[in-house]
Amino acid sequence: MEDFRITKQLQASNAGGKKNWPDDDEALLELSADGITSRPENFWCLKDAFEGVQILGATGSGKSSGSGRALAKAFIESNLGGLVLTAKNDEVLTWKRYAKEAGRETELLIVGPDSPHRFNFLRYELKRPGTGAGHTENLVNLFCSVLEAAERKQGQGGGQDAYWQRTLKQLLRNAIDLAVLSLDDIDLPSLYRIITSAPRSPDEALNSEWQESSACFALLEVAKSKVEQTDRKSDLELTRDFWLREFPSLAPETRSVIVSTFTSMADCFLRGMLRKLFCTDLNFTPEDTFNGKIIILNLPVKEFNELGQFAQVLFKFVWQRAVERRISADMRREDAQAAVRPVFLWADESQFFVNSYDALFQSTARSSRACTVYLTQNLPSYFSAFGGQNSRSDAESFLGNLQTKIFHANGDPTTNNWAADSIGKTRQAQFYGGLSEALARGGAMNQNAGGSMVVEFVVQPQEFTMLRTGGPESKFLVDSIIFQGGRRWVALKKGEPAAQNYIRHVFSQQT
Ligand SMILES: Nc1ncnc2c1ncn2[C@@H]1O[C@H](COP(=O)(O)OP(=O)(O)OP(=O)(O)O)[C@@H](O)[C@H]1O
Ligand SMILES: [Mg+2]
């Protein structure tokens, strides 16, 4: 009964509802406004938001209460749907306040330990509409996105080892296939039992004692009798071959690493809060945000540690996939603008949630009408989040996908140099002049003056150390320097408008 309701709801939700959101080129914010002249060149619109935002600034620099607040309020007032990931305990209260101010409290869907909301992710993957529903590969990728976060936590480095990744995927794929072939269903306990009862050597696979006690073997037998006369016979042969030959022949260390990687993650979802939220019923889905709901995952990482992180990374991945599916390839952009509600993905302290799928998601975000806003302190926090040998280049290429960068005060030289570098250098005239010492000693006056052209940063790295950070001492004003790839802004220089590739904006913490 419930599944029927959910299926109906999913089918209905691909439309965004009646249009009550701005056009793509209407201003959400007007940057560097002087309150006198409105400059369309400095409008920051939905089309900019679709290209992604990264906010960077030291602790207490005004990210959350300055630029973050301005963007969040603009999204809520514009009736966007959204997904909010949380790291700190007070974030849910902040979002409640924003929603209340915009009269949208009833559209908040707050998922937390005491809420009645349930998202059985495996059931959702099997029942959801659209091609690819229930396909093994989606589930494999879903698990891998969570495992990527789990691995980093354990300091194993961001899954750089291709062989290891491939073997883990193979394990998941075969466990899922066996569950489907034998039980016509997938649940986490079954996958867990299959994986933990698999043979650990080729001899064990032939051992009758093992065969009698192993859930893996029992399900292989059930599947055999089920698929006898069907076109899935060859699938089963592959699966059988994996469990009885390939898996037991893996090097014991490889096998134990991949099995324990899976079980340590699955363990979290098999008990307590995560089991209740993610492995029982299904009464909300990512598609709810397409109708204007704002889902807040109130499982802050600072309180729930890796449980909060796994749960949020998992839901984020499922949500991103749903967003990518929602617009058919043949839909014209004008039609999408009128019919498909924009949605946002919000992650303050984004270093906890970022993973390799984000870059892929961002590359199609414009057509799927999704606005990602990530806030973090500095670049090194992303380097350690990505982990592994290529962490720096992975982080930088990820950042390249979020086009609008809002820089607040920062003491981190890596971030400040990178920010100055992104804005670039110009040839600037440097002048000097003076009187030589000869005059002081009573000699002839020797005056010199001159100039030379030097290549200098347009914005010096140390400027980022001096931006105002809000609070009473800076009259609740937060300075920022904003850079957006390929964008020209207009700022007043010596009273004259001049085009430049960055813009300064002061955010108020109060209005
Ligand atoms: N609503 C507010 N009104 C006035 N001052 C505030 C408000 N919220 C925060 N502040 C102050 O403004 C400064 C910036 O705070 P904010 O929380 O925005 O920083 P942040 O960059 O998000 O830091 P963190 O990385 O620690 O989250 C801090 O000094 C803080 O005490
Ligand atoms: Mg903050």
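Me: I55 lies in strand β3. What makes I55 count as buried?
Reply: First off, this is a predicted model. The bar for burial is 20 or more other C-beta atoms within 10 Å. I55 has 27 of them within 10 Å, so I55 is buried.

Me: Which residues does I55 touch, not counting those up to four places away in sequence?
Reply: K63, S67, G68, L375 and I406. Contact here needs C-beta atoms within 7 Å. There's also a long hop through the sequence: I55 and N378 are 323 residues apart along the chain, yet their C-alpha atoms are 9.2 Å apart in space.

Me: What packs against β3 from helix α20?
Reply: The buried residues of α20 do, and they also pack against α17 (357-363) and α19 (379-386). In α20 (residues 391-401), those buried residues are D394, A395, F398 and L399.

Me: How do you know on which side of α20 they sit?
Reply: Look at the arc: they cover only 130° around the axis, which puts them on the same side of α20. The general rule is that an α-helix has 3.6 residues a turn, so residues three or four places apart point the same way. Turned away from that buried side is a face carrying the exposed residues S393 and S397. To be called exposed, a residue has to have 12 or fewer C-beta neighbours within 10 Å.

Me: How do you know whether the length of helix α11 fits its 13 residues?
Reply: Take 1.5 Å times one less than the number of residues. For α11 (residues 215-227) the expected value comes to 18 Å, and the first and last C-alpha atoms are 18 Å apart, so the two are close.

Me: Which residues of α11 are buried?
Reply: C216, F217, L219, L220 and A223. Their arc around the axis is only 160°, which is why they end up on the same side of α11. E221 and S225 are exposed, on the face turned away from that buried side. As for partners, the buried residues pack against α7 (162-183), α8 (188-196), α10 (208-213) and α12 (233-249).

Me: Back to strands. Why is F344 called buried?
Reply: Same kind of count. The threshold is 20 or more, and F344 has 26 C-beta neighbours inside 10 Å, so F344 passes. F344 sits in strand β7 (residues 343-348). Beyond its neighbours within four places in sequence, F344 is in contact with F75, L80, G82, C371 and V373. R369 is 25 residues away from F344 in sequence, with 8.5 Å between the C-alpha atoms.

Me: What makes up the shell around ligand 1, by class?
Reply: One nonpolar, 13 polar and one charged residues. Glycine is counted as polar in that tally. T59, K63, S64, S65 and G470 come nearest of the 15 residues around ligand 1.

Me: And the whole chain: how many helices and strands, and how many residues?
Reply: There are 21 helices and 15 strands, and 42% of the 511 residues are buried. The C-alpha atoms fill a box of roughly 110 × 55 × 40 Å along the principal axes.

Me: What share of the contacts join residues at least 24 apart in sequence?
Reply: 75%, among contacts between residues at least 6 apart.

Me: Last one: where are the domains?
Reply: Domain 1 takes two stretches, 2-117 + 284-409, while domain 2 is 121-269 and domain 3 is 427-457. Between the C-alpha centres of domain 1 and domain 2 there are 33 Å.

Key
Residues numbered from 1 in each chain as written. Chains lettered and ligands numbered in written order. Predicted model: local features only at pLDDT ≥ 70, side-chain atom pairs only at ≥ 80, totals over all residues. Near = placed C-beta within 6 Å. Helix = DSSP H or I, 4+ residues; strand = E, 2+ residues; numbered from the N terminus. Arc of directions from axis to C-beta. Contact = placed C-beta atoms within 7 Å. Domains from an automatic or database assignment.
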